[in-house]
Amino acid sequence: MDIGPAERSTRDGAPLKTLGKVGRVRLRHRVQLLGAALAVLLALGLGARWLQFQFTHVVLDDARVASDMVILASRVPGWVQALPVTAGDALRQGDLLVQIDAREAALAVEELNARLAGIAARRGELQARLIQVDRQSESQHAAAMAKLDSARTTLPAAEAERDFAEAELLRAERLIQSGAGTRQRFEMLRAGLDSARQRAIAAAAEIRNAEALMALAMAAREEMQVIARQLDSLGPQERELTATRDRAALDLADRTIRMPFDGVVDRIFMDPGEYVLAGQRIIMVHSPAQIRIEANVKETDIRHFRPGAPVQVTVDAWPGQVFAGVVDRMVEAATSEFALLPSANPSGNFTRITQRLPLRVRLDPPPPPGLLRPGMLVRVTGEARG
């Protein structure tokens with residue numbers, strides 16, 4: 001059927017444009033419905049995932065990065081001469097932290113070293129004297145023994161000669177009385193008897209002299225014992241001085257405070273020129289490599305955490321980064337037991353509050369040193385146990 005000019009103009013004109021707008025509106029409406037459906041599905045999926053996470057995991061918000069904060073104090077009083085570090089410095093083990101005035105301590109160590117050197121010299125002198133007395137007494141004893149042996153050998157001969165002279169003189173005296181002897185022979189024999197008696201007396205004197213020399217040698221040997229006792233007495237004196245010197249050396253060493261480990265200076269409580277007392281804190285340090293996570297878990301969730309259980313740690317300072325950790329240990333008492341004020345309530349008004357128990361998490365593998373710092377807030381997530 002032929003279409004008239006009027007109908008053809010209706011299709012090609014404004015009415016056709018109106019139909020195109022209606023189609024676009026319907027298409028946009030369908031797209032919006034589809035987008036809304038996808039958004040609802042996405043929200044339902046996210047909600048289901050959130051609910052599933054809430055039922056299968058436990059999150060601890062009360063958690064922080066912790067480390068052993070070491071406060072270094074002085075064991076001795078004195079003026080702070082040098083303090084070459086500032087808060088935030090990263091130091092190696094053995095680096096100088098604080099130098100306290102050590103002039104008097106150094107002089108005390110030097111004085112005690114001099115006294116110890118004097119004792120060493122005295123010991124050397126006594127040892128040399130001991131050797132000298134030993135040799136002299138030994139030679140004197142040997143000489144006295146030889147002289148004594150010689151005198152003991154001479155005495156019997158002298159006594160025999162004396163006895164023979166006495167017998168000859170007696171015989172000559174009898175001959176004179178009988179008229180057969182001469183007076184000259186009698187005088188000669190009497191002179192010989194006197195000489196023999198003198199020789200016997202001299203031999204006996206030699207024996208006594210040799211015995212006296214032996215006694216002198218023995219006295220010298222006793223002097224060696226005196227010297228040995230003097231040497232022995234130097235031992236306690238030396239040990240006492242050594243202990244005093246070591247104490248002074250310890251006092252001198254304590255005036256130089258060095259970094260006990262590789263770490264960071266956190267806080268300084270003194271300034272150069274101030275006078276520090278024994279036991280007064282000077283500086284606070286910690287080791288960035290020895291960090292841990294300390295958290296407080298509700299007593300109602302404590303069953304979900306056991307030593308060795310794996311956990312995940314997120315740090316507020318590093319969003320999107322997850323650190324693997326392991327429950328290292330758990331404190332067997334609630335935090336309220338360590339409060340300064342007692343929690344006992346004898347009045348009868350009682351409000352039940354869920355208590356918290358501390359636990360410690362070890363990061364495994366450990367993060368790079370300096371990435372996590374003490375005091376940073378973290379979250380610890382663990383799997384819920386049935």
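Colleague: Happy to be looking at this with you! What percentage of the 386 residues in the protein is buried?
Modeller: Welcome! Keep in mind that this is a predicted model. A residue is called buried when its relative accessible area is under 20%. Of the 386 residues in the protein, the share that meets this is 26%.

Colleague: How many helices and strands are there in the protein?
Modeller: Both kinds of element are present here. The count for the protein is four helices and 14 strands.

Colleague: Which strands stand at the edges of the open four-stranded sheet?
Modeller: The sheet has the order E2-E9-E7-E4, and its pairing is antiparallel. Two of these strands have a single partner strand each, so one side of each is left without a neighbour in the sheet. The edge strands are E2 (70-73) and E4 (90-91).

Colleague: Which residue in E9 stands opposite Val264?
Modeller: Strand E7 covers residues 263-268, and strand E9 covers residues 281-286. The two run antiparallel and are joined by four bridges. Opposite Val264 stands His286.

Colleague: Is Leu34 buried or exposed?
Modeller: Leu34 lies in helix H2, which spans residues 14-56. Together with Leu38, Val40, Leu41 and Leu44, Leu34 makes a nonpolar surface patch of about 510 Å². The cut-off for the upper class is a relative accessible area over 50%. Leu34 has 53%, so this residue is exposed.

Colleague: What share of the area that the protein exposes do carbon and sulfur atoms supply?
Modeller: The protein exposes about 25,700 Å². Of that area, carbon and sulfur atoms supply 56%.

Definitions and conventions. Residues numbered from 1 in each chain as written. Predicted model: local features only at pLDDT ≥ 70, side-chain atom pairs only at ≥ 80, totals over all residues. Heavy atoms only, no water. Pairing = 2+ DSSP bridges. Buried < 20%, exposed > 50% of the residue type's maximum accessible area, 1.4 Å probe, protein only. Areas by Shrake-Rupley, 256 points an atom, 1.4 Å probe, with all protein chains shown as cover. Patch = residues over 30% accessible without salt bridge, like charges linked within 9 Å, V, L, I, M, F, W, Y side chains within 5 Å. Salt bridge = Lys/Arg side-chain N within 4 Å of Asp/Glu carboxyl O.
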